[in-house]
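The exercises below are meant to be worked through with the sequence and the coordinates side by side. Try each task before reading the solution that follows it.

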Amino acid sequence: MGTQDKRDMASGDTAPVDQSGGSDPSLLIEMKGIDKRFPGVCALDQVDFDLRPGEVHVLFGENGAGKSTLINVIAGSFAADGGSYMFCGEKLGRLTPYHAREIGISPVFQEFSLAPDLTIGENLFLGRELASVGVLNKGEMRAQAKSVLEDLGFDLEPHARVGDLPRAQQQMTEIAKALLREVRVLILDEPTASLSERETDRLFEIIDRLKSEGVGIIYVSHRMAEIKRVGDRVTVLRDGRKIGTVDADAVSEENLVEMMTGRTFDAFFPKIEHRPGDVALATTGLTTKNRQVIDVDFSVRAGEVVGIAGLVGCGKSELARAIFGLHEITAGALMLYGKTITSPTPSQMLKSGLCYFPSDRVAEGLSLSRPIRENVSLAALDLADFASKGFLKIGSEKARAAAIVDKLQVVPLDTEKQVEFLSGGNRQKVMLSRGLARDINVFLLDEPTVGIDVGAKTEVYNLIKEMAEAGAAVVVISSELPEVLHLSNRVYVMHRGYLAAELTGEDITEANVLAHFFDRDHETEETSSKISEGSGP
Amino acid sequence: MSASVDGPDLSASRSHVWFFGFFAKYGFLPVILIALYVGFGLVEPAFFSGANALNIIKQSSYLIVLATAQMFVLLTRGFDLSLGMVVSMVSVASSLVMAGIAPNGEGPVIIALLAGVFAAVAIGAMAGAVNGICVAYFDINPFVVTMGMQGIAFGLATTLSGGFPVLDIPVLLNKGLAQGAWFGVIPPPVAVCLIILAASYFVLNRTVFGRSLYLLGANSRATEVGGIPWRRYNMLAYVICSSIAAIGAILITARAGTGEPSLGGGLVLQSIAAAVIGGVALRGGEGRVIHVVLGGLLVTVLSIGMNLTRVDGFLQEIVLGLVVVGAVFLDRLRLKIRL
């Protein structure tokens, strides 16, 4: 890390880093005034960015802030509409992903670029196969793949089929693929989202080694602890604009959140008065048929917000889905207001006042091509407000939908507009309106703020506050840790289907939650079973 | 339509808004329909005659009935390839019932006709139920299911009839359901068609079942999460489709005056074509009764117009094929305008 960026930036506000007018050939990447527009949105607006050799430059921001767009421009996937992009002091013209790789820019995106039916070895060489006179040199590729994997210390077999691997190993394959060739700039997009602690440690070791070799690393992450651990500088983006670049050591979490959201920390996360009453929903030993939820004891009381955190695929979402009747339950009990429910179905749970709001609004939340009105009433067509004896009451439906849309301030207020024309935040509001269209006392919110802008997030948080304080039981399942940490009265952490911890009060801290993300007991169990499986002759 | 709600538009752009709003809602169809009508009339003045207009309406009513049937499954993001062969099977089976009770009109004719209609709808509903159960409950692709049903229905139609038309059905069927006019003004197929259209409009727009068809066609996962029994509704869509097709089969049988195993040949393409040309979306969740009416009229105008202007029969097939592809293309364009 250079010394010049040790300037005082504790204020966290727009601290200029490089003011030298001309281009600096010591920089790996220097971007000035980058613009990128998509139909209807300005994804990047006059963004400056630079990367020095041997540093980790963290990109921080909300979903939709422009992080992905920026790394896509850097990697040549998108062409910028304006601005200049210098690489090692040379101006780059029209960059293609192929050309970017040629000059040593290697991206690892969240969406994997692996061919699931090919082996790890074949994937590493995908598109750049070693060949002589058009004939593949398989032996050489196998040898190189093996040496790269060993060099990285990844426990991967080159001949394993990628589609059979767990997500973490696919992620490592993707990283190995990026490092196969000479690399000068490595782009990592949320690389640890699916890695275990051990694998994460290994990745950080690799990052340290690459840094010492002078490789510049662009690191997209949400996790505060990680930013502190590997980051040198942090650039915060919001709504396509660069808010500032700060020193990772000197900046506090509050500062970063305030930069990211443009609001004070307290205004962003409302203070919720939890008044836990009777147990609204409880499970004992809940286990699903697909074994994504195993032996879970969980409860939520009326008047409190309970968070569930955990890695992608840890079963936190499946728990809520099982309670709502979307996954088959094979063992354990489910109690709603003290009443045992044996095999829940969505319609039965809705009638009992429990509603699950799915994380993927497009895939299973909304009927996009239908108007707002029909989506508001979608889960309440059995109520007298909307229909009787199978016949719709259009007039009454219109009035109810208009009132709800007005309360949630959905834009546009026109209830006849198709949902597909709405922004992410407004789509989310339309889905949440389901909770208002009928009497719901237990809300299961699965990633309630994924893909929505800051303003809408605040509104969703305030809605959660309002519901909890009005006596509803609210469960927030989220991969956004701050959300879980700051809204919840209690936090459950799940790991590989099991409940790993329940945290209350002062114990609700990022460090505590993260510690249970990789519960060691289960992990060793799992690894040992893997070894015994794979150790056959 | 929706664009005009957005705010105080300048009066200068009103007509512009209205123009695009009209296309967004109805597509290009009404314009093309009028252009075709005038075009054919200019080439062949007989096309403008009142008798021809009546003929167009009468002939299109058969197609509109079948396209309405098809629309119920198109809305659910499915389609029914067996529709044509179900029409053949129903035609033969109901003719055999009628001919059995009152051969050549000798016997209780009214009972024979009622029994024929009942048998038709029952057989149609059964074929639809098999389709629907396979699609909705066993998650088999509608293409495979209805293709299979097409084979079954074709086999049954030819086996039952021995491959020959069923000739000895009561003449009253033809007289009552194909000729003349009900209440002195309205041709029977047109009347039946209007009744089906009105009932379909009501079901689709005013019942929970109809609403659910749109919702599940747009996103079946969302209806599941919303607690709607979508599988049952999806299955029922196929039952309704085949039942309406069975009524269409009776009308066509009445027109032919015989039970025909070869009746259904081109009807699948035509029914899907009419619906899709009209603006029913192949991706499900979108389509109105008016779309089917416009689409049915267009296909009929095209075919009668080409007959009157003596366009070669095979060339007509080519034109119909092109129009279907063109209609889907225009539909994409309509989506863009709406955006």
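**Exercise 1.** How many residues of domain 1 of chain A are in contact with domain 2 of chain A, and how many residues of domain 2 take part?

*Solution.* The model is a predicted one, and the domain assignment of chain A is the place to begin: it gives domain 1 as 4–104 + 183–266 and domain 2 as 115–181, followed by domain 3 (273–353 + 441–537) and domain 4 (361–437). Counting pairs whose C-beta atoms lie within 7 Å, one finds nine residues of domain 1 in contact with 10 residues of domain 2. On the domain 1 side, helix α6(A) gives the largest share, three residues, and by class that side has five nonpolar, two polar and two charged residues. The centres of these two domains, taken over C-alpha atoms, are 28 Å apart.

**Exercise 2.** Describe the open six-stranded sheet of chain A, and say which strands stand at its edges.

*Solution.* The strand order is β6-β9-β10-β3-β11-β12, and the pairing is mixed. Strands β6 (105–108) and β12 (241–247) each have a single partner strand, so one side of each is left without a neighbour in the sheet. From one strand to the next the twist averages 20°. At the β12 end, β11 (residues 233–238) runs antiparallel to β12(A) and is joined to it by six bridges, with A:V234 standing opposite A:V246. Two helices of chain A can then be placed on the sheet: α1 (residues 67–74) lies across β3, β6, β9, β10 and β11, running at about 155° to β10(A), while α6 (residues 197–212) touches β3, β9 and β10, its direction making about 145° with that of β10(A).

**Exercise 3.** Which residues touch the most other members of the largest nonpolar core, and between which domains of chain A does this core lie?

*Solution.* The core has 183 residues, of which A:F443, A:L444, A:I464, A:V474, A:V475, B:A237 and B:A245 touch the most other members. Its largest share, 18 residues, comes from helix α11 (residues 230–256) of chain B. Domain 3 and domain 4 of chain A both give residues to the core, so it lies between them. Leaving aside neighbours within four places in sequence, the contacts of B:A237 include B:F72, B:L75 and B:L213.

**Exercise 4.** How many residues of chain A are in contact with chain B?

*Solution.* The count is 25 residues of chain A against 20 residues of chain B. By class, the chain A side has 14 nonpolar, five polar and six charged residues.

Conventions. Residues are numbered from 1 along each chain as its sequence is written. Chains are lettered from A and ligands numbered from 1 in the order in which they are written. This is a predicted model: local features need pLDDT of at least 70, side-chain atom pairs count only at pLDDT 80 or more; totals for chains, interfaces and linings use all residues. A nonpolar core is a set of buried Ala, Val, Leu, Ile, Met, Phe, Trp, Tyr and Cys residues joined through C-beta atoms within 7 Å. A residue is buried if 20 or more other C-beta atoms lie within 10 Å of its own, exposed if 12 or fewer, and partly exposed in between; C-beta atoms are placed from the backbone. Helices (H or I, at least four residues) and strands (E, at least two) are DSSP runs, numbered from the N terminus. Domain bounds come from an automatic or database domain assignment. Two strands pair if DSSP finds at least two bridges between them. Axes are lines fitted to C-alpha atoms, for helices over the stretch in contact, and angles run from 0 to 180 degrees between N-to-C directions. Ala, Val, Leu, Ile, Met, Phe, Trp, Tyr, Cys and Pro count as nonpolar, Asp, Glu, Lys and Arg as charged, and the others, Gly among them, as polar.
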